[in-house]
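Hi everyone, thanks for coming. Today I'd like to walk you through one protein model, from its surface down to a few charged pairs. Have a look at it first, and then we'll start.

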Amino acid sequence: MRIKSLILLSFLVLIPLSGFAQTSSETRFITRGESVEQALIKLINTTGIDLVYDPKLDLSQPVYVDITTSDPGLILNRILRNTCLDFIILSTGTYVLTERKEVLQQFGSFFGYVVDDETDEPIEYATIYLADAANSTATNKDGFFSISPLIHGEYPVIISSVGYAPRTERIVIDAESEGKIIRLSPKLFVGDPVVIEGNTTSLSYNKLAQGFDLTQANTFLSPSKSPIIKATSFFSGLTFNYAQNNLSIQGGNPSNYLLRIDEVPVYNASPIGTLITPFSPYAIDKISIQKAGHNAKYGGYLAGQINFSHDITNRSNTNSLVQADPNGLNLRTEIFPKDSNWKSAATFRTNQPVMDTPYGYQSTFDNWNRLDPLIQNFLMGNSNDIAHYQSAKNEIDINFLDGHFVAEHSPSMFSRTLISGYLGQQNFTSKLLSERSTLNSTQPAFVFSQENTASENYLAQVTHSRVLNARTDISGQFYISHSSFSNTYYMDGNDSLRLAGHSGEEAFDYYESTYNPSNELRDQNQITDITGFAEITRYLNARNKLLVGLEAKIINYSFRLNDLFYFPVDNDSEFGLITTYANNSWSVNNNLRLEYGLRATHSTSNNNIYLMPRLSVTYDTENTAIGYHTFNISGGIYRQFFKQYDVTNVGPSALVPYNRFLTPVDASISPPASYQVVFSWSVTASEQTNIFIESYYKWEPQSYDLNFNQLLAQPSELLEGYRNQSDFLNDTKLFSYGGALTVNHTFADPDINLKMIQQVNISKQKNAERFQNDWTHTPWSEPFSSSLFIEWKVNAKLSIVGNSTWTPVRYWAFNQSYYSFLATHNETSFGVFNLENPETQQLKDYFRTDLGVNYLIDLGRNTLITRVDLVNILNRKNEVSYSLNPMFDGNGGVEYERLIRTLPGFIPSLSVQLNF
């Protein structure tokens, strides 16, 4: 019955479009963006009519027609409808064009080409906005654009494109309007262009200014030192928690956002924290971020989504590059066959073979790769037998590689097919031989521990989009995405090697040679997602745009947790999701716009249908004394059909604090829901200054978290591993609220761009199984953060960039295993330290300042781009986490010393990129 209801709902949503797909035996005449003269020639060739006109008539205006009829007069009437021309039919049947004086004085058009100011090459996908007309368009692959009809008058217009400085001017539309050639000047990009898209799109001038400098995120944050996910901290509403290695969107749970490449999900993208970026930054062109209040097209995740678009655009005279920095090597090549509608690009990245650990982290990992004294003694000893260990030998090896491929086929300006693929692998191994330094202890003299983490992602997709007619576009996509992740922790210890006189080096070699991977207790997670969707965009009229889509998804997954520290979990299944959505954008007038929609998802795991309505209201003011204004309020109901769990890594030498496992919501629980509302206010005081304010509130009345009491149950209490998610999860409640103030300003002389972000993001959770069922700040909660970004373009070749970040309050200071493992065993009080409330122990404030110098060297047909990065130039060793060291005091009791794990201090690095 529910499936029939969903099919009926999809049918009702698609009814308005049923008329578009009807076929006819009559002649169908289509022209889009061609001149009147070209349309007339096509009409003559199609129908064979006789047509004459005065050569002095202006026939250059572009027209858009899609009509099915057998009457040539109706076709000709549609061609001339928005022009200053009319026609009469002579008695001989000849059609004669004439001027239409009454229209000549009312309407005109704005059309022309956008080109590169240096190369005269056309710029595709450049955006042209007319503020006072509430209208916009984009250039085609030839750089051509057209907006019509327009009432005669003066309009402010803004032309922008990724990689170019935006241009603002005023145009006059009248009967004499002619095509314009608009030239854009390239920007100096040392990093990669990044674009952020807001939740709602405004066609007014004031909304644009907020987005101008967003293309420069990676100019400020060099890929040589900042993974591309961390670069998103350049935008308001996104924060990166270095202590927890978490990216959070507007206070949301890090497990509640989704990463995509070309709209394809990439699951478990970074199991080794975010020390290593999951994608090559040289393969990415744009980043689109959907935050709170996003429309009905997007769904499935509560916090939001981040989509990375593959780069296929040739921005220079070169088509290949080689980039090297201390951590990695990037290779990229672009192929543009002559006289072909195809173009493609391939990017490959790998770590430097001589670098086992990320550059600048060697000494840090040497200090991190040690046994945690408290956890080690809890597992191997007791309160009367405290032992201390020192590192005898440790090895860390981190390897990664990924490949990106993208190809585009554009046989015409009305059709585009995009094919892309991605393969990424990451492997992390740590080995540690610890030697007991305490003499009077029964604990092992040598303890060997090894941790292995491996992940693999691959995806392939094909997307086709086509312009059916002047008002209707269609698109569809089919993809497969696979992710696998595994983690093993091995620990062994004895006295025999020391008693035999072997050194720590010899003991390390012995354990390493006898280690048998086939006997590993392995935690595993794999997920395969096969999805196809189709959607139709219909411009109902000048003010209404309707988007309707249908998506079918098949999911196969498995999640296995071994019994080394937890009770085993074995959860796997296959199920499907069928989703239909409709979203309508309605411009009530030039100032007020409404966007409303509905998303409906049917889950085969429990055979239920979930409805998720969305609403957005945007109001633009005219130019006031302090500039243009945009007000927006958006909200709706959101559900998440995939859940990510952070299982704490209990091993006393574990460098990865937790393992992340992703599973779709099974039939034993309901998909978590979130109720969201977001308000934003953008003020464009001038072309140089923009102020953006946003605030949000999210309420999750029913969410889920791991039940560590169940996971830590004794094996004898249960007969087999948990198979249903309700067996190892418990209900939680969560809310988050906050806001951000962003100020962008550009100085003309000297050429300096400045951006400041002040953020408040408060997130609290209530878990009946933890912390006395009180509301506590979440592990990723950082109530306040402040960021400053500066770019100084000294000249066309030299630029200096700097950024500074300050986070004054950070909770959950101790290792995750203290809260999830020790506290669950009722071990919460250690001298003056208490684990009953993670808010009582706070890390010191986080502060870091980076400086970068970029220089471009012109080598004729080639260019060399060098960048010197001075990371953490103030040498601030920021705290990551605390641990405790138990010791006997002079009275036979036990006291605890706090140990501090810190990030590296000052790290200089050099990046070299050759374009050829």
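About 37400 Å² of the protein is exposed, and carbon and sulfur atoms supply 53% of that area. Accessible areas here come from the Shrake-Rupley method with a 1.4 Å probe, and for residues only the protein chains shown count as cover. Keep in mind that this is a predicted model: local features need pLDDT of at least 70, side-chain atom pairs count only at pLDDT 80 or more, and totals for chains, interfaces and linings use all residues. Residues are numbered from 1 along each chain as its sequence is written, and side-chain values use heavy atoms, with hydrogens and water left out.

How much of the protein is buried? Of the 916 residues, 55% are buried, where buried means under 20% relative accessible area, exposed means over 50%, and partly exposed is in between, again with a 1.4 Å probe and protein chains only. Now the contacts, meaning heavy atoms within 4.5 Å. Among those between residues at least 6 apart in sequence, 69% join residues at least 24 apart.

On to the building blocks. The protein has 13 helices and 47 strands. Both are DSSP runs numbered from the N terminus: helices are H or I with at least four residues, strands are E with at least two. Two strands pair if DSSP finds at least two bridges between them.

Let's visit one sheet. Four strands form an open sheet in the order β16-β15-β18-β17, and the pairing is mixed. Which strands stand at the edges? They are β16 (264-265) and β17 (284-290); each has a single partner strand, so one side of each is left without a neighbour in the sheet. Strand β15 (residues 257-261) runs antiparallel to β16, joined by two bridges, and Arg 260 has Pro 265 in β16 as its bridge partner.

Now for the charges. Side chains of opposite charge can pair when their charged atoms come close. We call it a salt bridge when a side-chain nitrogen of Lys or Arg is within 4 Å of a carboxyl oxygen of Asp or Glu, and the structure holds 20 of them.

My first example is Lys 291 with Glu 694, whose closest N and O atoms are 3.3 Å apart. Lys 291 lies in the loop between β17 and β18 (304-310), while Glu 694 is in strand β35 (residues 689-706), so the pair ties together parts that are 403 residues apart in sequence. Both Lys 291 and Glu 694 are buried.

What surrounds Glu 694 in its own strand pairing? Ser 680 stands opposite Glu 694 in β35. Strand β34 (residues 673-684) runs antiparallel to β35, with 11 bridges joining them, and a hairpin connects β34 to β35 through four residues. β35 also pairs with strand β36 (residues 729-747), antiparallel over 16 bridges; there, Ser 703 has Thr 732 in β36 as its bridge partner.

My second example is Asp 509 with Lys 393, at 3.9 Å between the closest N and O atoms. Asp 509 sits in helix α10 (residues 504-514) and Lys 393 in strand β22 (residues 389-412), 116 residues apart. Asp 509 is partly exposed at 37% relative accessible area, whereas Lys 393 is buried at 17%.

That's my tour, and I'm happy to take questions!
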